[in-house]
Amino acid sequence: MNYFDLHCDTILRCYEERQSLYDNQEMNISLKRGVSGSSWVQAFAVWIRDEVRGAEAMEIFDGAYAALQREIQAHPGVLFQVRTHSDLEQARRGNCCGALLTVEGGSVVGGDISRLYHLRDCGVKAITLTWNGPNEIGDGALVEHPMGLSNFGIQLVEEMEHLGIVADVSHASDALFESVAEHTEKPFIATHSLSRAVCGHKRNLTDEQFKVIRDRGGLVGLNFVPFFLRQDGKAAVADVLRHADHFLSLGGEKILAMGCDFDGTDLPEGLTGIESVPTLAEVFLRHGYPQQLVEDIFFNNAYAFFAKTLTEAL
């Protein structure tokens, strides 16, 4: 089956643990266990911890980027980086993995907008503006008295729009979300977020936030973090469906996607990694979702969004 995943932490783990992206047993994703014979676009996020800034953060990014390039060189025809619309079309033709590079944590910029151009040159297509804490851009979801975009943050998101780098509001505080909506014109996304109405965690989106993303033509990726799926953390596949049902009740048919957070979280019962994706799709079908809707959630919606974004960035 075709699969487009908006978020995983796998390439950072490969870099830090010197693991193989192609063949490993310890991680949720390996190319060998991937969605073979189908179209597969995987967003590989480079996570930057809250306490890391500037040059140190960029060193982590550069190391993960180099690890991705080594994997691409070692496995031609199996893995390549999606930089352009034509690359995305190549991924759609199947039998390979198109790697979409993203950053999780705007502290990588460290208050220096020139670092944004380096990220652009490396092919970064989206940046999660914060992790859970504060940085020079704004405040994350777990900040006690959060503020919106700083003056630097406003400058940054405006330049990101100019460069064709998508703003990601997963991990954003409510104040930051509202500020991003106010100071941007293009669609923005939540790569790996669930519904706060279903599970009241601060990391989840309110219905109003979901509607803002919907009305902008953005994306929301369903993730698998157990404590975001349900408050007691005892999550199973059925909980993923509960969040999907709720988002769809809000008119999310064309913006709902997958953002599983593989290799960045424990998984709910019934899921083990990339090999579980076809089984999950079958669960969605048995739940009564039409085939077309399942294909849209698992691939088409994210593909259409980035096909438009990459075309506009030319």
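Here are some notes on one helix, two pockets and a buried glutamine in this predicted model.

1. Let's start with helix H10, which covers residues 277-286. Which of its residues are buried? They are Val277, Leu280, Ala281, Val283 and Phe284. Looking down the axis of H10, you'll find these buried residues within an arc of 155°, so they line one face of the helix. That spacing fits the usual geometry: an α-helix has 3.6 residues a turn, so residues three or four places apart point the same way.

2. What covers the buried residues of H10? The cover includes two helices, H9 (237-249) and H11 (291-312). It also includes strands E1 (3-5), E8 (219-222) and E9 (256-258). Have a look just past the helix too: H10 is followed by Gly288, which has a positive phi, near 110°.

3. On to the pockets. The largest pocket has a volume of about 360 Å³, and 21 residues line it. If you want to find its centre on screen, go to Asp9, Trp47, Trp131, Asp261 and Gly264, the lining residues that lie nearest to it. Helix H1 (residues 10-17) gives the largest share of this lining, with three residues. Sorted by class, the lining of the largest pocket has eight charged, seven polar and six nonpolar residues.

4. The second largest pocket holds about 270 Å³ of space and has 19 lining residues. Nearest its centre are Val166, Lys186, Pro187, Thr309 and Glu312. Helix H5 (151-163), strand E6 (166-168) and H11 each put at least two residues into the lining; H5 has the largest share, with five. The lining of this second pocket splits into 10 nonpolar, five polar and four charged residues. Note that H11 turns up twice in these notes: in the lining here, and in the cover over the buried residues of H10.

5. Last, a residue worth clicking on: Gln81, in strand E3 (residues 79-81). Is Gln81 buried or exposed? Its relative accessible area is 9%, under the 20% cut-off, so Gln81 counts as buried. What does its side chain pair with? There is a polar contact of 2.9 Å with the side chain of Gln69, and another of 3.3 Å with the side chain of Arg83.

6. For the rest of the surroundings of Gln81, skip its neighbours within four places in sequence. Beyond those, Gln81 is in contact with Tyr65, Leu68, Gln69, Ile72, Asp87, Ala99, Leu101, Cys122 and Gly123. Gln69 is therefore on this contact list as well as being a polar partner of the Gln81 side chain.

How values were computed: Residues numbered from 1 in each chain as written. Predicted model: local features only at pLDDT ≥ 70, side-chain atom pairs only at ≥ 80, totals over all residues. Heavy atoms only, no water. Buried < 20%, exposed > 50% of the residue type's maximum accessible area, 1.4 Å probe, protein only. Helix = DSSP H or I, 4+ residues; strand = E, 2+ residues; numbered from the N terminus. Arc of directions from axis to C-beta. Contact = heavy atoms within 4.5 Å. 1 Å grid on protein atoms, 1.4 Å probe; cavity = no way out; pocket = protein on both sides within 12 Å on 5 of 7 lines; lining within 4 Å. Points joined across faces, edges and corners; volume = space filled by probe spheres on them. Nonpolar A, V, L, I, M, F, W, Y, C, P; charged D, E, K, R; others polar. Polar contact = N/O pair within 3.5 Å; in protein donor to acceptor, adjacent residues only side chain to side chain.
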